[in-house]
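Biologist: I'm in my first year and still learning to read protein models. Could you take me on a close look at one part, the nonpolar core, and then show me the loops and bends of the chain?

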Amino acid sequence: MAAEMPTEKGLNFHSKKEILKFNQEEQVAVALAKYIADFSDKFVNEKGSFTVVLSGGTLIDTMRKLVEAPYKDSVAWSKWYIFFLDERVVPLDDPDSNYKLAYDGFLSKVPIPPEQIYAINDKLTPKAAADDYEERLNQSVQQGILRISPISGFAQFDLMLLGMGPEGHVASLFCWHFQRFEKERWVTFIKDSPKPPSERITFTFPLINSGLFIAMVVTGEDAADAVKVALSRPHHGYMPLPVEMVSPEGMLTWFLDGPAAHKIKTES
């Protein structure tokens with residue numbers, strides 16, 4: 001008998017979804033840059049700032065077109081605020097750090113003010129680092145940088161840029177971790193990631209799903225099986241993969257290259 005799917009705060013399988021499939025990863029990179037730049041223009045014009053959440057993995061490389069013309073000189077970088085979906089609890093200059101990955105591939109190449117980039121405190125334990133990051137998010141709400149979702153009561157980001165692991169995990173929320181069912185915390189931690197380094201902090205699903213817009217950027221053959229499950233099977237009667245629990249308050253847009261999308265059935 002299939003496991004009963006839990007009903008969770010912030011889990012909304014009726015959020016709007018768009019699936020964009022491209023033949024090559026290069027085409028994904030081109031489309032993603034325009035998508036991000038358009039949202040930057042939208043939110044800066046509407047409220048004077050743009051709050052963005054970055055993840056690790058291959059995402060930063062797929063964002064590479066943003067640091068090229070025309071975006072490098074046309075985007076209002078000074079209005080951006082950068083947050084991290086999850087982070088390895090290692091020094092910020094460690095090769096395993098998501099901050100270092102983002103800095104080397106993106107942040108060092110655009111003029112976002114350093115004080116508007118929210119890296120973790122790498123001197124703390126996993127629990128303390130998660131508590132500290134949640135407190136800094138609360139402070140950002142009090143300072144008017146982030147708003148509170150009127151639906152969930154959690155902090156709300158303009159755009160979240162997510163990736164997916166080959167077995168369907170997002171952030172550092174894996175299939176077998178009870179933290180993926182956390183209902184109250186904004187940020188939690190794990191000490192047993194299956195991929196080193198084992199200690200990490202991570203946004204929870206209620207916080208992720210309070211986002212206005214989410215891009216799920218998935219490339220490569222190793223993700224094809226999880227993509228097929230996430231986009232092809234019904235949501236009834238199954239314990240969902242973590243990626244299936246992503247359901248923002250606005251629009252979820254999938255960016256897929258050919259290898260990642262090739263197992264999805266083509267609609268007639």
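Modeller: Happy to help; I'll start with the whole chain, move to the core, and then visit a few single residues.

Please keep in mind that this is a predicted model. The chain holds eight helices and eleven strands. Its radius of gyration is 17 Å, close to the 18 Å that the globule rule gives for 268 residues, so the chain is as compact as a globular protein of that length. Along the principal axes, the C-alpha atoms fill a box of roughly 50 × 40 × 40 Å. If you look at contacts with a separation of 6 or more, 77% of them are between residues 24 or more positions apart.

Now for the inside. Buried residues make up 54% of the 268 residues in the chain. In soluble globular proteins, nonpolar side chains tend to be buried together. Here the largest nonpolar core has 84 residues. Trp 80, Phe 83, Phe 106, Phe 203 and Trp 254 are the residues with the most contacts inside this core. Helix α1, which covers residues 25-47, gives the most to the core, with nine residues.

Let's zoom in on Phe 83. Which residues is Phe 83 in contact with, leaving aside its neighbours within four places in sequence? They include Thr 51, Val 52, Val 53 and Leu 54. Also among them are Tyr 118, Tyr 133, Leu 137, Ser 140, Ile 145 and Leu 146. Phe 157 and Phe 203 complete the list, and Phe 203 is another of the residues with the most contacts inside the core.

Phe 203 makes a handy signpost for the next stop. Strand β9 spans residues 200-203, and Thr 204 sits in the loop between β9 and α6. Is Thr 204 buried or exposed? Its relative accessibility is 0%, so Thr 204 counts as buried. With neighbours up to four places away in sequence left out, Thr 204 is in contact with Phe 154, Leu 173, Glu 182, Arg 185, Trp 186, Val 187 and Thr 188. Moving on, Pro 206 belongs to helix α6, residues 205-208. Pro 206 is buried too, because its relative accessibility is 1%. Between the C-alpha atoms of Pro 206 and Phe 181 the separation is 9.0 Å, although these residues are 25 apart along the chain.

Step back to the loop between β8 (187-190) and β9, and you will find Pro 197. The peptide bond from Pro 196 to Pro 197 is cis, with omega near -5°. Ser 198 lies in the loop between β8 and β9 as well. Ser 198 has a relative accessible area of 31%, so it is partly exposed. Apart from residues within four places in sequence, Ser 198 has contacts with Ile 190, Lys 191, Asp 192 and Ser 193.

A cis bond also joins Ala 69 and Pro 70, with omega about 5°. Pro 70 is in the loop between α2 (59-62) and α3 (71-74).

Another backbone detail is found at Ala 171, in the loop between β7 (159-162) and β8. Ala 171 is not a glycine, yet its phi is positive, about 50°. Because its relative accessibility is 8%, Ala 171 counts as buried.

For a last loop, go to the stretch between α4 (98-105) and α5 (126-142), where Pro 113 is found. Pro 113 has a relative accessible area of 17% and is therefore buried. Once neighbours within four places in sequence are set aside, Pro 113 is in contact with Trp 77 and Ser 78. Leu 124 is in the loop between α4 and α5 too. At 28% relative accessible area, Leu 124 is partly exposed. Its contacts, not counting residues up to four places away in sequence, are Val 89, Ala 129 and Asp 132. Leu 124 and Ile 112 are twelve residues apart in sequence and 25 Å apart in space, C-alpha to C-alpha.

Finally, here is the outside. The accessible surface of the chain comes to about 12,100 Å², with 53% of it belonging to carbon and sulfur atoms. The chain carries 28 positive and 36 negative side chains, and the centres of these two sets are 3 Å apart.

How values were computed
Residues are numbered from 1 along each chain as its sequence is written. This is a predicted model: local features need pLDDT of at least 70, side-chain atom pairs count only at pLDDT 80 or more; totals for chains, interfaces and linings use all residues. Side-chain values use heavy atoms; hydrogens and water are left out. A nonpolar core is a set of buried Ala, Val, Leu, Ile, Met, Phe, Trp, Tyr and Cys residues joined through side-chain atoms within 4.5 Å. Buried means under 20% relative accessible area, exposed over 50%, partly exposed in between (1.4 Å probe, protein chains only). Helices (H or I, at least four residues) and strands (E, at least two) are DSSP runs, numbered from the N terminus. Contact means heavy atoms within 4.5 Å. The radius of gyration is taken over C-alpha atoms; the globule rule is 2.2 Å times the number of residues to the power 0.38. Accessible areas come from the Shrake-Rupley method with a 1.4 Å probe; for residues, only the protein chains shown count as cover. Lys and Arg count as positive and Asp and Glu as negative; His and the chain ends are not counted. The place of a charge is taken as NZ of Lys, CZ of Arg, CG of Asp or CD of Glu.
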